Amino acid sequence: MPIGILTTDTGKLVEIRETITLNSDAFSNSFHEDLQFHFNNERIPERVVHAKGGGAFGYFEVTHDVSKFTKADVLNGVGKKTEVFVRFSSATEQLGGNDAARDIKGLSVKFYTKEGNWDLLCLSTPVFFFKDPIHFPSFFHAMKRNPKTNLIDFSMRWDFVTKQPESLNGFLYLLSDYGIPNGYRKMDAFAIHTFEINNKHGDKYFVRFNFRTEQGEEALTSAEARAQDPDYYNKDLYNAIEKKNYPIWKLEMDVMTLNDIKRVDYDPFDVTRLWKKGTYTTVPIGCLVLNKNPDNFFRTVELSAGNPGNLVPGIPGPLDNLFRSRRMMYRQTQVHRLKVNHNRIRINEPLYWKVYNRDGRPPVRENMKDAPNYYPNSYNGPVPYIDPARPKERFTIYERNAVDLEPAAYFYNHYLCDEGQRQRLVNNTAQSLVPVSPYLQQRALRLLSLTDPQLGIRVAECLEEALETPTPAPHAIKIPRHPYEGNKHYVHL
Ligand code: HEM
């Protein structure tokens with residue numbers, strides 16, 4: 001049964017003869033005009049990064065008592081379930097790009113909590129590429145397409161990495177098995193920054209949040225990834241949920257006390273490095289279950305706006321400069337993409353809101369009706385609450401600018417657990433250097449050797465071999481010309 005009589009955008013009922021225009025007055029056909037005008041305007045700006053994505057609804061369930069560490073309502077009360085929307089993404093791929101491209105993948109959770117939306121944005125790598133947010137635009141320009149050729153350009157990538165060697169560690173993760181997970185379901189995800197959290201007494205703890213996949217971590221080789229279709233990850237996620245094979249991640253946090261933080265012999269706020277083994281404890285929190293596909297992709301996945309600045313009481317958030325910059329930047333880009341009222345769009349709307357913000361591009365919902373639009377006021381407008389246990393001071397931290405190659409050496413020697421993983425990293429790194437200008441190849445090999453002499457030698461040997469075996473041109477099929485001989489009735493004047 002049809003769901004109703006067809007109308008135009010303004011609700012005018014459409015008569016059957018308006019569904020064709022041939023041999024009629026197309027210009028007085030309001031249905032035709034309505035369709036085409038709307039179609040011409042249906043694109044919005046794509047995200048500047050993380051444009052290609054997919055998503056699903058589900059819930060987060062608390063499985064362990066973590067009240068000692070945080071008073072955040074969403075993480076308190078074993079058995080409590082909170083509704084979530086999760087958007088997965090590929091960081092450098094454009095809209096319509098290739099899921100299985102070697103890329104940083106995103107997992108962004110919007111928890112609809114009683115205390116407002118908490119957005120926890122995570123990446124498939126446990127480290128980021130640099131500490132200083134000023135590098136972000138240049139890094140992504142180098143990672144995305146060349147402005148002249150519009151091609152992915154490994155010369156740009158290696159140029160940036162060798163000029164900014166702190167990013168080598170993150171880049172090696174990308175070139176390793178971790179660069180191509182076997183679908184979103186089969187990857188871990190990390191919020192990377194060190195978050196400050198506090199309990200109801202105001203005691204502070206410092207944590208790194210990690211999602212661990214219950215599906216088992218799996219990766220694709222470059223060759224296997226090339227054989228997949230561009231929507232491989234989205235299909236995999238969608239089909240699993242349709243088949244009620246709901247994907248699950250355990251959320252845990254690595255915890256340090258204030259004392260631990262002061263004592264460690266490395267910078268625990270440094271997003272380019274892992275916390276050292278033995279300096280923290282891991283605490284399980286709960287599990288994330290995705291059990292519902294969106295009924296409409298655009299109004300959910302495309303209109304969602306994950307913003308790491310959306311935090312809740314008990315999770316004041318990270319102190320480092322990169323995060324402080326992120327608190328500002330997401331909202332700015334979302335205003336560009338979705339306009340100022342993007343938090344009034346259904347997918348982003350918190351369970352409860354009372355604001356002094358008014359007007360602007362729709363949606364405005366009820367626009368706070370007749371409530372006062374200034375604060376303070378004597379007319380019963382919304383008032384702030386008081387939290388006596390909120391810690392009085394927040395620290396400022398000092399961040400070193402010196403380049404340290406130790407995290408990259410650790411990744412190669414210890415994070416990668418077997419020789420197979422190391423060999424694939426070497427092969428992928430050499431392959432990424434094949435199309436690169438010779439002077440950049442030398443600079444890259446020098447950086448790799450400074451990181452670990454063995455890594456440098458192995459990549460150099462593999463690169464030499466790869467340069468001697470050029471990639472064969474594709475075997476194209478010749479198409480015989482159709483026996484059409486032109487229009488015999490054509491009159492030559
Ligand atoms: C200076 C540092 C960074 C800047 C300026 C930045 C900026 C951005 C921007 C502009 C977007 C697009 C947002 C949108 O249009 O809705 C985005 C998306 C995203 N970013 Fe970042 N980012 C930074 C670092 C990070 C880090 C460290 C992480 C993870 C720990 C991260 C995770 C993500 C994720 C998962 C998304 C996709 C969000 C979604 O699907 O809703 N970013 N970022």
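**Figure 1. Phenylalanine 195 and its partner across the hairpin.** Phenylalanine 195 sits opposite valine 207, a residue of strand E7. This is a predicted model, so take every close-up here as a view of a prediction. The strand that pairs with E7 in this view is E6, residues 195-198. E6 and E7 run antiparallel, and four bridges join them. Five residues lie between the two strands of this hairpin. Have a look at glycine 202 while you're here: in this hairpin it takes a positive phi near 90 degrees.

**Figure 2. Strand E7 and the other strands beside it.** Let's stay with E7 and see what else it pairs with. Strand E8, residues 248-257, pairs with E7 over nine bridges, in the antiparallel sense. Valine 207 turns up again here, with valine 255 as its bridge partner in E8. Then there's strand E5, residues 189-190, which is joined to E7 by two bridges and also runs antiparallel to it. If you want a residue pair to find, try alanine 189, which stands opposite phenylalanine 211 of E7.

**Figure 3. How enclosed is strand E7?** Why can we call E7 largely enclosed by the rest of the structure? Just count: E7 covers residues 204-213, and eight of its ten residues are buried, so the rest of the structure largely encloses this strand. Keep one rule of thumb in mind as you follow a strand along: in a regular strand, side chains alternate between the two faces of the sheet.

**Figure 4. The shell around the ligand.** Which residues come nearest to the ligand? Out of the 28 residues around it, the nearest are Arg47, His50, Gly106, Pro133 and Gly306. Sorted by class, the shell is made of 14 nonpolar, ten polar and four charged residues. Several elements each supply at least two residues of this shell: strand E2 (81-90), strand E3 (105-113), strand E4 (116-123) and helix H9 (321-338). The top contributor is H9, which gives eight residues to the shell.

**Figure 5. Tyrosine 330 in helix H9.** Now zoom in on one residue of that helix: tyrosine 330 is found in H9. An unreviewed UniProt entry places a "binding site" feature at Tyr330. Is tyrosine 330 buried, exposed or partly exposed? It has 18 other C-beta atoms within 10 Å, so it counts as partly exposed. Not counting neighbours within four places in sequence, tyrosine 330 is in contact with Asn307, Pro308 and Gly309.

**Figure 6. Stepping back to the whole chain.** Here's the setting for all those close-ups. The chain has 13 helices and ten strands, and 35% of its 493 residues count as buried. Its C-alpha atoms fill a box of roughly 90 × 80 × 40 Å along the principal axes. Take the contacts between residues at least 6 apart in sequence: 73% of them join residues at least 24 apart. The domain assignment gives domain 1 (1-42), domain 2 (52-137 + 168-348) and domain 3 (416-468). The C-alpha centres of domain 1 and domain 2 are 43 Å apart.

**Figure 7. The annotated span.** UniProt, again in an unreviewed entry, has the annotation "domain: Catalase core" for residues 7-383. In the model, this span is 22% helix and 21% strand, and its end C-alpha atoms lie 44 Å apart.

Technical notes:
Residues numbered from 1 in each chain as written. Predicted model: local features only at pLDDT ≥ 70, side-chain atom pairs only at ≥ 80, totals over all residues. Buried ≥ 20, exposed ≤ 12 C-beta atoms within 10 Å, placed from the backbone. Contact = placed C-beta atoms within 7 Å. Near = placed C-beta within 6 Å. Nonpolar A, V, L, I, M, F, W, Y, C, P; charged D, E, K, R; others polar. UniProt positions renumbered as here; feature names shortened; annotations may be inferred. Domains from an automatic or database assignment. Pairing = 2+ DSSP bridges.
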